[in-house]
Structures are given as structure tokens and as C-alpha cells.
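Got your viewer open? Let's take a walk through this protein, one selection at a time.

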Amino acid sequence: MRRRSKRSGGQTLGLVLSGGGARGAFQVGVYERLLRDPRFARGPAVLSGTSAGAINAALIAAGRTPREMMRFWNGIADDPPVVVSARFFNGLVRSALRLVLAETSRWLTPSLSWWPFAQRARWHWPPQRGTGLALAVDYLLTARFELISKLLEGISEPFVADTARLRERLIEEFGGVVVPTRGHRLAINTVDAHTGNVVRYVTAHTPLTRPPDYTVVDAITVDMVLASASIPLLFPTVEVEGRWLWDGGVLVNTPLAPVVALGADEIVTVLVTEQADIASGAFPHFGRAVERVVDVILENAYNVDRKLLLDRNSLAHLDGSPYREVTLYEAVRPVRDGSFNAGSYLYFERRVLEDMRTAGRRAAGNWLAAGPRVDRLETPAEGAAA
């Protein structure tokens, strides 16, 4: 792909916003900085988002300024609109007690439980701090894993926290159940909880937004946005037109394909995951290992879409090609400074949100100062901030 230092007039800008919980404040900072640059001051015409990115995409489509977007996220910090389900934990306790009673009689027969337990105990000798718990978990995972299934099947509530208040907050924010898009082409990405299929809601007909890959709607609704942000198991599924949906981040956390389908000529992608530190060795602690697992899962779909798009671009100039060239800029992502850790995905606190917003402005400033650089197929998209 050719390198461009300035946007061409008449180019249709697409903005892709990934999921990331509280890290959505980083995207607000990026958007704020982009609007201050003459090349991007008009803002995006096409928006695609998942989870927190879906909320931000809807806010931008509705005409919210960065200040108004931060007001929404700070409202989440000041009064979290999710309520932990007492029914879930009542079911958990009752299920656990039933299993304890059943297992008590089992342990009175040594051949059923003592022998497998003793076999595992030899690998935990001599004992040290944590040995007792480690042995119990070892025994559970290797000899009695069916107890996990029995425990979970005894909980009738299929989620930990209810999001009814978050739905009310979104309705209040958008002035109703319909998200006003003000001429923007908007894509909200979810996953069907029963089939596992990606469900993409888009607001415009194009040659590429055909079913079953896309569902063209007259308007994006609050329930579509809520479904995109409903983290599996933590939050309930959301019913939209007979489908039970949850967080699109399960499969398409950074939904690049919809902005291409909706006619974007150039694309800015905002990732909330730090660039991997390939120079480091073993992980220094469990938290870092968790962080990298989450980051890899969240980035995988974007990497697949990115390679498909750049492969398609390489064919765009062939005679008779059905493809058009789309400029994909290297992704904007956080500078690696340690502030984006495993816990920051759900750490909704005003100070932390403001730090992430500042990090977004800084990352976007670095990205702009570097060109911005056009992504190229032959090298990984590391981003200027990296």
C-alpha cells in the first residue's frame, strides 16, 4: 500500500473501537486528540464498535463531544449501574451445601475417596505453605472434576450481576430506546449466545452488508448496544428480536470488517491493549499472565480481519478486480507504561478513567506525529505509540 502523509479530501473515515471495559476512557482521549488535528477534525462517517467500544461508537454517532462522553463514563464510576444478583449467590451456597452433604457420606467409604486423595498427596510432600489448598484443588481437578459441573448446574441464575440499571442509564443518555446516529453509518457487534455466530447490526445497505453476515436495521437500539457490552457469565444475555445475545468481544472484539462493508475509504483503529513486550522472558507474576491471555484473545479477530483487508488491497489494482483499496492506518494503542494491567478492564474509578483518557490523548498525539503510518501487510501493525 502506498504511504499517505495527508488525508485526501472526500475520503470517508471509519473509526473502529475495540471492547475493553473501563479502558473505553482511553478511546475517548484518542477521539478527543484526533478531532484537534485538521486531517481528522471532521470526525468519522463510519463507526464500528464492540462492548465499551460499542457504547463509545453510539455516543459519537449521537453527536456527543469527548467531554460529554467522559461525563457518561464518570457516571458509571460514581454510581455503577450493575447490581450483583443475590439469587446467584443463594443458588451457589445451596448447591455447595448439597454437595458437601453428599460428599460426607462418600468419604466414609475410604476406597471411594481416600485412595485417590492419598495418591495425589504424595506429590505434595514435604508440605509447605499453601500445600493444603493446592492438594485439595489438585484432587478436585484430577479425580473429582464432576463436582464442578454439579456445583454449576445447581445455580439457576446464569449470570452474576444484573444490568437493568445500565439499560436505564443508556436510555436516559440517548433520550429513548433508539440511538440517534445523525447521519453516521454505525455497526454494533454482538454474538448469539446459543449458536455462537457473530451478529452485526448495521444502519446502511451496501453491496457488502448482506445477510447472514449482517443485519441491516432502521435504527440501532439501546438493547443492541447493551448486548454488545454484556460480558458472558458476568452479565445476562440480552434479547433482540428473538435472539439472545452477549458481548461481541467473545469473537470480534475489534470489528474491522463492518467499516469496510459500510464504505470507509480509510480506517483508524483504536486498540486498548498494550503492544506485547517481545524482549521480555518469563512472566513476572500471575497478573501479567492473565493480562496477556486476555489481550491475545481480544486482538485475535482484529489480526485476522487486518490480514484479510491488506490481502484484498493487494488485489485492488488488478484489471477486473471487484475490490477497492482501503487505507488502514496502524492501530492507535496505549504506550507500554504498566498502567494498563489485568484489573484495569473493570476498574471504574474517576482518577483511573482520567488517567486512561490522558493516555489516549498522548498515544494519539504520538500516532499523528508519526505520520500517521499506513499499515503494511509485510510487517506487524505495532502502532506509533509502541
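A word on names before we set off: helices (H or I, at least four residues) and strands (E, at least two) are DSSP runs, numbered from the N terminus. With that in hand, select Pro212, which sits in the loop between β6 (198-202) and β7 (215-216). Look at the link just before it: the peptide bond from Pro211 to Pro212 is cis, with omega near 5°. Keep in mind as you click around that this is a predicted model.

**Zoom out**

Show the whole chain as a cartoon. How many helices and strands does the protein chain have? The tally is 12 helices and 11 strands. Now picture a box around the C-alpha atoms, taken along the principal axes: its sides are roughly 80 × 50 × 45 Å. There are 386 residues in the protein chain, and 47% of them count as buried.

For a sense of distance, pick Asp319 and Ala102 and draw a line between their C-alpha atoms. The line spans 72 Å, and the two residues are 217 apart along the chain. Stay with Asp319 for a moment: its home is the loop between α11 and β11 (327-328). Is Asp319 buried or exposed? Its relative accessible area is 81%, so Asp319 counts as exposed.

**Odd spots in the backbone**

You've already seen one cis bond, so hop to another. Select Trp125 and Pro126: the peptide bond joining them is cis, with omega near 0°. Pro126 belongs to the loop between α5 (110-121) and α6.

Next, try Ser51, in the loop between β2 (46-49) and α2. Its phi is near 55°, a positive value in a residue other than glycine. Ser51 counts as buried because its relative accessibility is 7%, and the cut-off for buried is under 20%.

Then jump to Arg182, another non-glycine residue with a positive phi, this one about 50°. You'll find Arg182 in the loop between α8 (164-174) and β5 (185-192). Arg182 has a relative accessible area of 63%, so this residue is exposed.

**A greasy patch outside**

Switch on the surface and select Leu133, Val137, Leu141 and Phe145. Together they make a nonpolar patch on the surface, with about 400 Å² of accessible area. Val137 is part of helix α6 (residues 131-143). With a relative accessible area of 38%, Val137 is partly exposed, since that label covers values between 20% and 50%.

**Into the pockets**

Time to look for empty space. Rolling a probe the size of a water molecule over the atoms shows where empty space is left.

The largest pocket holds about 680 Å³ of space. It is lined by 27 residues, and the closest to its centre are Gly21, Ile231, Phe235, Tyr345 and Leu346. Colour α2 (52-61), α3 (66-78) and α11 (286-315), the elements that give two or more residues to this lining. Of these, α11 gives the most, with 3 residues. By class, the lining of the largest pocket splits into 20 nonpolar, 6 polar and 1 charged.

The second largest pocket has a volume of about 430 Å³. Center your view on Tyr214, Ala257, Asp305, Leu308 and Leu309, the closest to its centre among 17 lining residues. Which element gives the largest share of the lining of the second largest pocket? That's α11, with 7 residues. Sorting the lining of the second largest pocket by class gives 13 nonpolar, 1 polar and 3 charged residues.

**Sealed spaces**

Last stop: the cavities, where the count comes to 2 of 30 Å³ or more. The largest cavity has a volume of about 60 Å³. Select residues from its lining, including Leu13, Tyr31, Phe40 and Val268. Both β1 (13-17) and α1 (24-35) supply at least two residues of that lining. The lining of the largest cavity has 8 nonpolar residues, 2 polar and no charged.

The second largest cavity contains about 40 Å³ of space. Among its lining residues are Leu17, Gln27, Ile60, Met69 and Val270. Here α1 provides the largest share of the lining, 4 residues. In the lining of the second largest cavity, you can count 8 nonpolar residues, 1 polar and no charged.

How values were computed. Residues numbered from 1 in each chain as written. Predicted model: local features only at pLDDT ≥ 70, side-chain atom pairs only at ≥ 80, totals over all residues. Heavy atoms only, no water. 1 Å grid on protein atoms, 1.4 Å probe; cavity = no way out; pocket = protein on both sides within 12 Å on 5 of 7 lines; lining within 4 Å. Points joined across faces, edges and corners; volume = space filled by probe spheres on them. Nonpolar A, V, L, I, M, F, W, Y, C, P; charged D, E, K, R; others polar. Patch = residues over 30% accessible without salt bridge, like charges linked within 9 Å, V, L, I, M, F, W, Y side chains within 5 Å. Areas by Shrake-Rupley, 256 points an atom, 1.4 Å probe, with all protein chains shown as cover. Salt bridge = Lys/Arg side-chain N within 4 Å of Asp/Glu carboxyl O. Buried < 20%, exposed > 50% of the residue type's maximum accessible area, 1.4 Å probe, protein only.
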